[in-house]
Amino acid sequence: MKRILVTGALGQIGTELSLELRKVYGTDSVVVSYIRERANEILEEGPHETIDTTDANRLKEVVKKYNITQIYHMASILSAKGESNPQMAWDVNMNGLYQILETAREFHCSVFIPSSIAAFGPSSPKDNTPQDTIQRPTSMYGVTKVAGEILCDYYYLKYGLDARGLRYPGIISWKTLPGGGTTDYAVDIYYQAILKKEYTCFLKEDTSLDMMYMPDAVNASIKLMEADPARLIHRNAFNVTAMSMTPAKLAENIKKHIPEFVMKYDIDPVRQSIADSWPNSLNDSAAQKEWDWKPEFTMDMMTKDMLDNLRKKLA
Ligand code: VAH
């Protein structure tokens, strides 16, 4: 019987992943954790703990208490916030990951470790970026992601640890706001389109980035962890994507529903340089071949669902 621990369970992905995991495996089988005590109905509807993932003893205490068999490690500092405090990003993203892997090794847990398109850099092929290619990221977030991928491979090869992961693109959702990301414009724009009928974007209109709607991201994560290990040639950091979009294309898509919507631009040089170092579009054929990955949401379907749900949420 699976007993799952989710770290970073109040983050943008962690929130919806925790909800879906509890739906699939049962509320009492999923322990959700966050770095600090916070009143939250998701936490309170089932077992929940406060965990700083860099605290080895605390991690081991919780894994022992609930007899955890699988860990989804979602606690991370994202790209833009990481660039404003690289030392904290290294500590949280790398020391946190190291303690998760050491705990999983000791207690024989399988682990899901998210990577990102940020694990690629300016010298990676920009278009149709392959699963296996050069990775020299130039953001601290990207450095921690590619280092994390390699560390997870090491734990699999050295100890047989069942570590798997995805290179998430930008994730778009309406339930929980993202924090400190470079792709956050693609979430903020929907809120502003409803509230103000205009949005001032911090990336250039032709900045092409891979994106995915949250339901596809959550389903991909669980599908990978349920995949037959005999089929997996890669373990960590599968490229996955659903669409490649630019701010201009997204604005056009929103205008199909809100014709009077106006897009303005005020470029943030830090986030623009981070975005420019990332791929324009990923090749996710390895995920398709090895565990039947297939997204469901197109940009049209996502925009309709986002606007419908946000109109209710913001009413
Ligand atoms: C970020 N949303 O913007 C994250 C993600 C691919 C982007 O890693 O930092």
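The largest cavity in this predicted model is lined by 15 residues, and those nearest its centre are L97, I113, P114, K145 and G148. About 150 Å³ of space lies within this largest cavity, and the structure holds 1 cavity of 30 Å³ or more. As general background, rolling a probe the size of a water molecule over the atoms shows where empty space is left.

From the cavity we can turn to the ligand, which takes up the space of the largest pocket. The shell around the ligand draws residues from domain 1 (4–169 + 212–239) and also from domain 2 (173–211 + 243–279 + 296–314), and the ligand therefore lies between these two domains. Following the surrounding residues along the chain, one meets L78 and S79, then S116 and I117, then Y141, then Y168, P169 and G170, then G181, T182 and T183, and finally W278. Sorted by class, this shell comprises 6 nonpolar and 6 polar residues, with no charged residues.

Within that shell, several side chains place polar atoms at short listed distances from the ligand. For S79, a polar side-chain atom lies 2.6 Å from an oxygen atom of the ligand, while an N or O atom in the side chain of Y141 is 2.7 Å from a ligand oxygen atom. A nitrogen atom of the ligand, in turn, has a polar side-chain atom of T183 at 3.0 Å. Taken alone, the ligand would expose 280 Å², and the protein buries 95% of that area.

Definitions and conventions: Residues are numbered from 1 along each chain as its sequence is written. This is a predicted model: local features need pLDDT of at least 70, side-chain atom pairs count only at pLDDT 80 or more; totals for chains, interfaces and linings use all residues. Side-chain values use heavy atoms; hydrogens and water are left out. A residue is near a molecule or strand if one of its heavy atoms lies within 4 Å of it. A polar contact is a pair of N or O atoms within 3.5 Å; within protein, one must be able to donate a hydrogen and the other to accept it, and residues adjacent in sequence count only if both atoms are side-chain atoms. Accessible areas come from the Shrake-Rupley method with a 1.4 Å probe; for residues, only the protein chains shown count as cover. On a 1 Å grid over the protein atoms alone, a cavity is a set of points where a 1.4 Å probe fits but cannot get out, and a pocket is an open set with protein on both sides within 12 Å along at least five of seven lines; lining residues have an atom within 4 Å of a point. A molecule sits in a cavity or pocket if more than half of its atoms lie within 2 Å of its grid points. Ala, Val, Leu, Ile, Met, Phe, Trp, Tyr, Cys and Pro count as nonpolar, Asp, Glu, Lys and Arg as charged, and the others, Gly among them, as polar. Domain bounds come from an automatic or database domain assignment. Grid points are joined across faces, edges and corners, and a volume is the space filled by probe spheres set on the points.
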